[in-house]
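Open the model in a viewer and keep the selection tool at hand. The stops below say what to select and what is there.

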Amino acid sequence: MTFRAEVFVTPKAVVNDPQGLTIRQGLRSLGFEGVQEVRAGKYLVLTLESPDRDTALARLDDMARTLLANAVIEDYRIEITAVRETVAP
Amino acid sequence: MKWGILVFPGTWSDRDCMHALTTVLGQSARYVDHRETELSEFDAVILPGGFSYGDHLRCGAVARFAPVMEAVTRFADRGGLVLGICNGFQILQEARLLPGALLRNDSCEFRCEWVHLRVERAESPFTRECRPGQVLRIPISHGEGNFYADPDTLQSLEQGGQVAFRYSTPDGRVTGDANPNGSLRNIAGIVNARGNVLGMMPHPERACEPLLGGADGLWILRSALGTLVAA
């Protein structure tokens with residue numbers, strides 16, 4: 001099956017996020033009031049083949065831990081959806 | 001002594017390192033391609049600064065999986081001297097050869113300027129020629145040099161004497177104003193527990209001749225050399 005995976009990589013809550021702080025300040029400067037916090041992370045979209053959903057999730061988790069996120073400073077969350085069944089030849 | 005200078009796609013300080021080691025210090029050195037897998041011919045290896053693999057995803061995140069990095073890990077495990085400068089420091093952290101991480105500078109700006117470093121530990125293989133508390137003037141050139149480690153790791157770095165350098169004023173005071181990037185506790189460089197792996201954001205290789213504005217980087221390279229000669 002073909003899956004579409006969305007991987008959200010965000011700075012850990014305890015890690016200072018200079019980009020988020022700068023964006024928040026920018027919003028305030030533009031007059032957008034009430035923005036208490038902005039956290040800036042990465043959004044990755046992967047398309048992958050996998051026999052089933054559980055296998056796909058396990059592989060994505062391995063990818064996230066190995067490369068996509070740095071556990072010292074980042075958390076990640078994965079969402080996947082099946083986009084189509086592979087048609088048998 | 002023979003030095004290996006690692007070159008990844010996007011490394012840019014390799015030639016500065018070569019010049020400092022060979023022309024200035026009279027050492028033997030060779031560039032090491034990122035696809036090489038053996039470092040046993042060298043007495044010390046340097047991971048120079050730059051933007052390996054375009055800094056994509058995170059600085060050093062892709063470089064740490066280059067074939068040569070397994071050799072670097074073996075080299076470090078055997079006690080060989082490993083010096084990571086700037087992007088090299090980031091790669092060593094991604095490879096877990098050094099703890100912590102380097103975040104975006106708190107200013108969100110690329111900072112390219114001369115800074116002062118206070119030598120926190122003068123008995124390490126990379127600082128043995130220095131006096132404790134000596135202040136070195138060395139340039140930085142980075143956008144992601146904001147040292148971070150969780151509280152337990154920070155405490156263990158401090159207690160183990162693994163903080164090599166802190167950003168300071170010219171007279172050695174560690175202040176917020178002297179901190180160019182937001183690094184926790186003004187940390188500019190750390191060594192591993194064994195002391196044979198140093199990572200630092202400032203560029204000692206760019207401060208090896210008065211013509212370039214200063215020669216304080218020689219304190220670090222000569223210390224490493226002294227360690228090798230004594231071994």
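The tour goes through a predicted model, from strands to cores, a helix, the interface and charged pairs.

**Strands of chain B.** Select β6(B), residues 111-119, together with β7(B), residues 135-142: the two strands run antiparallel and are joined by eight bridges. Within this pairing, R118(B) has V135(B) as its bridge partner. Now add β9(B), residues 163-168, which pairs with β6(B) over four bridges, again in the antiparallel sense. Here V119(B) stands opposite F165(B).

**Nonpolar cores.** Keep F165(B) selected and add L39(B): these two have the most contacts inside the largest nonpolar core, a set of 69 residues. Around L39(B), beyond its neighbours within four places in sequence, select L6(B), V32(B), V45(B), V68(B), A71(B), V72(B) and F75(B), with which L39(B) is in contact. A second core, separate from the one above, has 13 residues, including V9(A), L48(A), L68(A) and I80(A).

**A helix in chain A.** Select α1(A), residues 18-29, and put a distance between its end C-alpha atoms. The expected span of these 12 residues is 16 Å at 1.5 Å a residue, and the end atoms are 16 Å apart, so the two values agree. Just after the helix, G31(A) has a positive phi of about 95°.

**The interface.** Show both chains. The contact involves 17 residues of chain A and 16 residues of chain B. About 1400 Å² is buried between the chains, 65% of it on carbon and sulfur atoms. On the chain B side, select L57(B), R58(B) and Y148(B), which lose the most area to chain A and together make up 40% of what that side buries.

How many salt bridges are counted between chain B and chain A? The count is one. To see it, select E74(A) and R58(B), whose closest N and O atoms are 3.7 Å apart. Both residues are buried.

**Charged pairs within chain B.** Select R30(B) and E41(B), which meet in a salt bridge at 2.8 Å, N to O. R30(B) lies in β2(B), residues 28-33, and E41(B) in the loop between β2 and β3, 11 residues apart. R30(B) is partly exposed at 25% relative accessible area, and E41(B) is partly exposed at 38%.

Next select D33(B) and R35(B), a salt bridge with its closest N and O atoms 2.8 Å apart. D33(B) is partly exposed, at 26%, whereas R35(B) is exposed, at 58%. For the last stop, select R118(B), E120(B), E158(B), R166(B) and R185(B), which salt bridges with shared partners join into one network.

Conventions: Residues are numbered from 1 along each chain as its sequence is written. Chains are lettered from A and ligands numbered from 1 in the order in which they are written. This is a predicted model: local features need pLDDT of at least 70, side-chain atom pairs count only at pLDDT 80 or more; totals for chains, interfaces and linings use all residues. Side-chain values use heavy atoms; hydrogens and water are left out. Two strands pair if DSSP finds at least two bridges between them. A nonpolar core is a set of buried Ala, Val, Leu, Ile, Met, Phe, Trp, Tyr and Cys residues joined through side-chain atoms within 4.5 Å. Buried means under 20% relative accessible area, exposed over 50%, partly exposed in between (1.4 Å probe, protein chains only). Contact means heavy atoms within 4.5 Å. The expected span of a helix is 1.5 Å times one less than its number of residues. Buried area is the accessible area (1.4 Å probe) that two parts lose on being put together, summed over both. A salt bridge is a side-chain nitrogen of Lys or Arg within 4 Å of a carboxyl oxygen of Asp or Glu.
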